[in-house]
Structure formats: C-alpha cells, structure tokens
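Please open the model in your viewer and keep the selection tool at hand, because each stop on this tour begins with something to pick.

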There are 2 protein chains.
Amino acid sequence: MNLKKATEIGKCLSNQTRFQVLEWLKEPEKHFPPHETLKHFNDGVCVTYIQEKSGLSQSTISTYLTNMEKCGLLISTRHGKWSYLKRNEKTIKQFTDFLT
Amino acid sequence: MNLKKATEIGKCLSNQTRFQVLEWLKEPEKHFPPHETLKHFNDGVCVTYIQEKSGLSQSTISTYLTNMEKCGLLISTRHGKWSYLKRNEKTIKQFTDFLT
DNA sequence: TTCACATATCGAGATTTATCAATATGTTTG
DNA sequence: CAAACATATTGATAAATCTCGATATGTGAA
C-alpha cells in the first residue's frame, strides 16, 4: 500500500453508494436474494442485484464496481453471463493498516 | 460510526495531500522541525509547518485541516496564536472498524 | 492601541465527479 | 445464427471539488 493507491481507495469510499456496497457485501445473504443458478455467495453478488438495491442506473453502478475492482476493493468473478463481486479483504486490511 | 460520517471521512482520504498529512502526523518529529515555543508535539503540529511541507497555499491547507477536524480525523488545539493539529486515533479506529 | 504574524473565510476559475440515456460487447439459449 | 439478457463503454450535463489570491479575524508583542 502506498499513498497513491490509498487515495484511490479513499475516492471509492467518498461516495455513499460505493461505501454501502462494501457494507452490503459483508453479509450478502442478509441483503440480497439468492442467485438463481449459483446456490451460494462464495464469489459475492451479481451486478444486477447490486444495481437494483442501489437504485442507481445500470451504467453508473457498472462504472462504480469497475473502479472499485481496479483499486483492489472488490474481486470480480465471471460465471456465464453474470459477474459476481465480493470484497477483497486483503486490500481492505492493507488500507486500514496503512491508515493506522 | 455510520455511513454518512464514514463517507465524509472517505472524502478527506480521497486527496493525496490530506492523506499525507495524516501520515506525517503519525511521527511529527520525523517530518517537522521542532516548534519554537512549544518544546513537544503532544498536540501535534502547527498549521504553518503543515502548509509549508505540503507546498499548497495557506488558504487551501487551512480549509483541508478544518474539514478534517470537522469529520473527526484531526484534533485541533490552540496555544496562543498557533493552532496545533494531531490525529484523532479514536475516530480513525472507528472508521477502520466500520470498514472491516 | 497599533503592528506583525497565524489562521480562517470568501469569491472565482479550472478540473473532476455524479449520473444518466444510448449504445456496444459478451454470453447463453432457442 | 438470432434473440434475449447481463454487463461495459460512451457522450453529455449538472454538481462538487481543487486551488488560488484577496481579504478578514484572532492573538501576542512593541
């Protein structure tokens, strides 16, 4: 973790929706319905569910999630036509360690 | 700590200078010369030193520090004509706990 | 009380971000 | 392959942030 990377993460955390997504993804089963095909949340939650819950447009959420992945806050996994997002606890810890 | 407060802190952390200030204030004696009147860094570092080190204008730094104090990242103490700033470890911990 | 210095606030222009609708790209299924 | 669905990218506009110089306020010293 360095200052530049930490600041990029800070940017992601400067918006309520983006921060909220990270909170939701702590406990997907509490905040999202089960997936149709996948029977677990091991790889997180699909973009559509996050988009619906956020209330923002599909393009906005897609951009948010892409950026959050780029700076290491999220891990994206593709299964068929769906992209699943989960928290990247490793980067999150590096960030909080850097701050502390 | 709640989402709104955490996002305000995120905003502070979305700028390299502001994040850097927090890093500098971890070890003031490593990054700043000793104060003339005060012989310690118990209350942190005066605005002028932070401003000089940052290279930004006095007004910009003053605004940054004020905002960082408002959202609880810094504690400000006045001694005579100087304001000293130090990290507010309590809020920082609440923030990292909230994120984790 | 006046001067000098430390910090805060104001007003403004340049840059960045928020957010959308429209469109494009992937991927499965019929 | 064509249709349908999931996600990504583009282009645009409104809002927010960055940053400064100028100015105001607060405080100790002469």
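Start by selecting S76(A) together with L85(A), which is the bridge partner of S76(A) in β3(A). This is a predicted model, in which local features need pLDDT of at least 70 and side-chain atom pairs count only at pLDDT 80 or more, while totals for chains, interfaces and linings use all residues. Residues are numbered from 1 along each chain as its sequence is written, chains are lettered from A and ligands numbered from 1 in the order in which they are written, and side-chain values use heavy atoms, leaving out hydrogens and water.

Next, widen the selection to β2 (residues 74–79) of chain A and to β3(A), which run antiparallel and are joined by six bridges; two strands pair if DSSP finds at least two bridges between them. In the hairpin of these two strands, with two residues between them, select G80(A), which takes a positive phi near 60°.

Now add β1 (residues 45–46) of chain A, which runs antiparallel to β3 (residues 82–87) and is joined to it by two bridges. Here V45(A) stands opposite L85(A).

Finally, show the whole of chain A, which has six helices and three strands, where helices (H or I, at least four residues) and strands (E, at least two) are DSSP runs, numbered from the N terminus. Followed from the N terminus, the elements run α-α-α-β-α-α-β-β-α. Of the 100 residues of chain A, 49% count as buried, meaning under 20% relative accessible area with a 1.4 Å probe and protein chains only.

Conventions
Buried < 20%, exposed > 50% of the residue type's maximum accessible area, 1.4 Å probe, protein only.
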